[in-house]
Amino acid sequence: MRRIKKNANGGLLAIISMSACAISLCLQIFYQYHLVEIEDWSALMDTTGAVAFASAVLLIGTLFLNGLTLVVNRNKAK
């Protein structure tokens with residue numbers, strides 16, 4: 001990864017990071033769908049609030065860190 005970071009401008013790493021975030025959110029949606037399919041309403045009701053909060057934190061954290069990376073790399077390019 002260090003070799004990639006030296007040669008890349010951060011854009012590729014930001015895309016990889018956003019893709020990992022999108023995949024994790026998609027898998028969580030599939031899991032929620034599975035709970036609906038098997039009609040496990042108690043598990044769905046118990047976990048939905050925490051899942052929504054964790055998804056929001058994951059998305060906000062990913063956007064913040066990718067934005068920070070792009071700003072730092074843009075300043076290094078100048």
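Glu39 lies in the loop between helices α2 and α3. Just after α2, this residue takes a positive phi of about 55 degrees, although Glu39 is not a glycine. The model described here is predicted, and its chain contains 3 helices and 0 strands. The points below begin with the loop and then turn to the chain, the helices and the surface.

**The loop residue Glu39**

- Glu39 is exposed, because its relative accessible area of 55% is over the 50% cut-off for that class.
- The loop that holds Glu39 connects α2 with α3.

**The chain as a whole**

- From the N terminus on, the elements follow the order α-α-α.
- The chain has 78 residues, of which 14% count as buried.
- About 6200 Å² of the chain is exposed, and carbon and sulfur atoms supply 69% of that area.

**Confidence of the prediction**

- The mean pLDDT of the chain is 86, with 82% of the residues reaching 70 or more.
- Among the elements, α2 has the highest mean pLDDT, at 92, while helix α1, covering residues 2-7, has the lowest, at 55.
- Where pLDDT is low, the predicted coordinates should not be read in detail.

**Helix α2**

- Helix α2 covers residues 11-37, a run of 27 residues.
- From its first C-alpha to its last, α2 reaches 39 Å, close to the 39 Å expected at 1.5 Å a residue.
- The buried residues of α2 are Leu13, Ala14, Cys21, Gln32 and Leu35.
- One of these buried residues, Cys21, is in contact with Thr62, a residue of helix α3.
- Another of them, Gln32, is in contact with Val51, which is also found in α3.

**Helix α3: Val51**

- Helix α3 comprises residues 41-77, and Val51 is found in it.
- Val51 counts as buried because its relative accessibility is 18%, under the 20% cut-off.
- Leaving aside neighbours within four places in sequence, Val51 is in contact with Gln28 and Gln32.
- Val51 and Ile29 are 22 residues apart in sequence, and their C-alpha atoms are 9.5 Å apart in space.

**Helix α3: Leu59 and Thr62**

- Leu59 lies in helix α3.
- With a relative accessible area of 35%, Leu59 is partly exposed, because this value falls between the 20% and 50% cut-offs.
- Leu59 and Met18 are separated by 41 residues in sequence, and the distance between them is 8.6 Å from C-alpha to C-alpha.
- Thr62 likewise has its place in helix α3.
- Thr62 is buried, because its relative accessible area is 10%, under the 20% cut-off.
- Apart from neighbours within four places in sequence, Thr62 is in contact with Ser17, Met18 and Cys21.
- Met18 therefore appears in two of these descriptions: as a contact of Thr62, which is buried at 10% relative accessible area, and as the residue whose C-alpha is 8.6 Å from that of Leu59.

**A nonpolar patch on the surface**

- Phe64, Leu65, Leu68 and Val72 make a nonpolar surface patch of about 390 Å².
- Leu65, one of the patch residues, is found in helix α3.

Technical notes. Residues numbered from 1 in each chain as written. Predicted model: local features only at pLDDT ≥ 70, side-chain atom pairs only at ≥ 80, totals over all residues. Heavy atoms only, no water. Patch = residues over 30% accessible without salt bridge, like charges linked within 9 Å, V, L, I, M, F, W, Y side chains within 5 Å. Areas by Shrake-Rupley, 256 points an atom, 1.4 Å probe, with all protein chains shown as cover. Salt bridge = Lys/Arg side-chain N within 4 Å of Asp/Glu carboxyl O. Helix = DSSP H or I, 4+ residues; strand = E, 2+ residues; numbered from the N terminus. Buried < 20%, exposed > 50% of the residue type's maximum accessible area, 1.4 Å probe, protein only. Contact = heavy atoms within 4.5 Å. Expected span 1.5 Å × (residues − 1). pLDDT = per-residue confidence, 0-100.
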